[in-house]
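Work through the exercises below with the sequence and the 3D structure at hand. Each task is followed by a solution in steps.

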Amino acid sequence: MKKNIIIGHIAMLSANTIWGLMSPIGKEALNSPDIHPITLTGLRIIGAAILFWLGTFLLPQSIAPRERIERQDFKALIFAS
């Protein structure tokens with residue numbers, strides 16, 4: 001149980017650090033003439049997708065157990081996304 005608490009705190013700290021750094025880094029990137037806002041948005045989306053996929057495949061089953069999705073729930077998930 002103690003290990004799960006530590007992992008949870010590390011995850012929250014990481015998420016808050018990334019969230020806090022996103023604004024100043026984004027402002028600096030957009031102030032330069034080298035990057036377009038649409039390009040920055042695309043890079044953020046692709047980067048987030050890659051990180052989620054890596055997390056899905058690399059985390060052990062004890063931390064992130066696999067869950068089966070019912071066939072009937074796919075419609076709701078597609079609509080919600």
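**Exercise 1.** State which residues make the nonpolar surface patch of about 830 Å².

Solution. Patch members have over 30% relative accessible area and no salt bridge, and nonpolar side chains (Val, Leu, Ile, Met, Phe, Trp, Tyr) are joined within 5 Å. A salt bridge is a side-chain nitrogen of Lys or Arg within 4 Å of a carboxyl oxygen of Asp or Glu. Areas come from the Shrake-Rupley method with a 1.4 Å probe. The patch consists of Ile46, Ile50, Leu51, Trp53, Leu54, Phe57 and Leu58.

The model is predicted: local features need pLDDT of at least 70, side-chain atom pairs count only at pLDDT 80 or more, and totals for chains, interfaces and linings use all residues. Residues are numbered from 1 along each chain as its sequence is written, and side-chain values use heavy atoms, without hydrogens and water.

**Exercise 2.** Classify Ile50 as buried, partly exposed or exposed.

Solution. Buried means under 20% relative accessible area, exposed over 50%, and partly exposed in between. Ile50, in helix H2, has 43% relative accessibility and is therefore partly exposed.

**Exercise 3.** Do the same for Leu30, and give its C-alpha distance to Asn16.

Solution. Leu30 belongs to helix H1 (helices are DSSP runs of H or I, at least four residues). Its relative accessibility is 40%, so Leu30 is partly exposed. Leu30 and Asn16 lie 14 residues apart in sequence, and their C-alpha atoms are 22 Å apart.

Note on methods
Patch = residues over 30% accessible without salt bridge, like charges linked within 9 Å, V, L, I, M, F, W, Y side chains within 5 Å. Helix = DSSP H or I, 4+ residues; strand = E, 2+ residues; numbered from the N terminus. Buried < 20%, exposed > 50% of the residue type's maximum accessible area, 1.4 Å probe, protein only.
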